[in-house]
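Colleague: I am new to this structure. Please take me through one part of it slowly, the charged pairs, and then show me what else there is to look at.

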Amino acid sequence: MSERITHSLPFWIFLFWGVDLLFLSRVPLLRWVVDPLLLLLIFLGFRLPSGRFLWAIGMGLGFLRDLGTGSLLGGFACTFGLIGWILNSTRHLVEREDPLVQGIVAGILSGASGILFGGLLTLADPAVAWNRWVLWTLPVAMGVNGICAAWGFPRLQRILR
């Protein structure tokens with residue numbers, strides 16, 4: 001019975017959300033650079049046989065991230081939905097089984113997510129603007145998320161078999 005629960009998608013979604021909400025919220029610097037829900041979305045983009053509703057899964061994961069951050073409600077949902085749509089649209093352009101390619105794509109998509117969310121946030125609130133912190137946090141987040149994806153996606157795939 002427990003093996004069946006651990007192989008289900010809702011279990012993994014709530015596990016990653018719990019890590020984001022309970023562990024990463026205690027370490028703000030780590031939360032700026034690691035996004036487990038985005039990594040789960042990218043993992044699903046590589047592993048699902050059809051990415052038809054990947055944008056909807058992305059919006060759901062983004063909504064969970066919105067609930068945990070307290071920032072602009074719907075900002076991460078829109079951003080993750082767009083990342084899911086990009087993943088589905090570009091499925092045929094990348095080698096989906098190579099962990100190095102997965103890490104590079106995850107790094108690029110995490111950078112795109114940061115830029116999209118920042119742009120959406122600055123459009124929604126005129127008092128918010130880009131600052132010098134984005135010059136070092138965005139490349140660090142891209143590198144850390146890429147390394148986490150290259151290292152973690154093959155292991156997660158072995159667990160889910």
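Modeller: Here is a walk through the salt bridges, followed by the pockets and a surface patch. Keep in mind that this is a predicted model.

Start with the general idea. Side chains of opposite charge can pair when their charged atoms come close. With a cut-off of 4 Å between a side-chain nitrogen and a carboxyl oxygen, the count here is three salt bridges.

Take Asp20 and Arg31. Their closest N and O atoms are 3.4 Å apart. Asp20 sits in helix α2 and Arg31 in helix α3, so this pair ties together parts eleven residues apart in sequence. Is Asp20 buried or exposed? Asp20 is buried, and Arg31 is buried as well.

Asp20 has another partner. Arg65 forms a salt bridge with Asp20, and here the closest N and O atoms are 3.7 Å apart. This pair links distant parts of the chain, with Arg65 in helix α5 and Asp20 in helix α2, 45 residues apart. Both Arg65 and Asp20 are buried.

Now move to Asp35. It forms a salt bridge with Arg65, with the closest N and O atoms 2.8 Å apart. Asp35 lies in the loop between α3 and α4, while Arg65 lies in helix α5, so the pair ties together parts that are 30 residues apart in sequence. Why does Asp35 count as buried? Its relative accessible area is 8%, and buried means under 20%. Arg65 also counts as buried, because its relative accessibility is 7%. Put the pairs together: salt bridges with shared partners join Asp20, Arg31, Asp35 and Arg65 into one network.

Next, the empty space. Rolling a probe the size of a water molecule over the atoms shows where such space is left. The largest pocket holds about 800 Å³. Its lining has 27 residues. Nearest its centre lie Trp32, Gly114, Phe117, Val134 and Thr137. Which helices supply at least two residues each to this lining? They are α3 (28-33), α5 (54-69), α7 (99-124) and α8 (134-160). Among these, α7 gives the most, with seven residues. By type, the lining of the largest pocket splits into 14 nonpolar, ten polar and three charged residues.

The second largest pocket holds about 310 Å³. It is lined by 16 residues, and Phe16, Pro36, Leu39, Cys148 and Gly152 lie nearest its centre. Two or more lining residues come from each of α2 (9-23), α4 (36-47) and α8. The largest share, seven residues, comes from α8. The lining of the second largest pocket divides into 14 nonpolar residues, one polar and one charged.

Finally, look at the surface. Phe11, Leu15, Val19, Phe23, Val27 and Leu30 make a nonpolar patch of about 450 Å². Helix α2 gives the most to this patch, with four residues. Val19 is found in helix α2. Why is Val19 called partly exposed? Its relative accessible area is 37%, and partly exposed covers values between the 20% and 50% cut-offs.

Helix α2 is a good place to return to. It holds Asp20, one partner of the pair with Arg31. It also holds Val19, one of the residues in the nonpolar patch. And α2 gives two or more residues to the lining of the second largest pocket.

Key
Residues are numbered from 1 along each chain as its sequence is written. This is a predicted model: local features need pLDDT of at least 70, side-chain atom pairs count only at pLDDT 80 or more; totals for chains, interfaces and linings use all residues. Side-chain values use heavy atoms; hydrogens and water are left out. On a 1 Å grid over the protein atoms alone, a cavity is a set of points where a 1.4 Å probe fits but cannot get out, and a pocket is an open set with protein on both sides within 12 Å along at least five of seven lines; lining residues have an atom within 4 Å of a point. Grid points are joined across faces, edges and corners, and a volume is the space filled by probe spheres set on the points. Ala, Val, Leu, Ile, Met, Phe, Trp, Tyr, Cys and Pro count as nonpolar, Asp, Glu, Lys and Arg as charged, and the others, Gly among them, as polar. Patches are made of residues with over 30% relative accessible area and no salt bridge: like charges are joined within 9 Å, nonpolar side chains (Val, Leu, Ile, Met, Phe, Trp, Tyr) within 5 Å. Accessible areas come from the Shrake-Rupley method with a 1.4 Å probe; for residues, only the protein chains shown count as cover. Buried means under 20% relative accessible area, exposed over 50%, partly exposed in between (1.4 Å probe, protein chains only).
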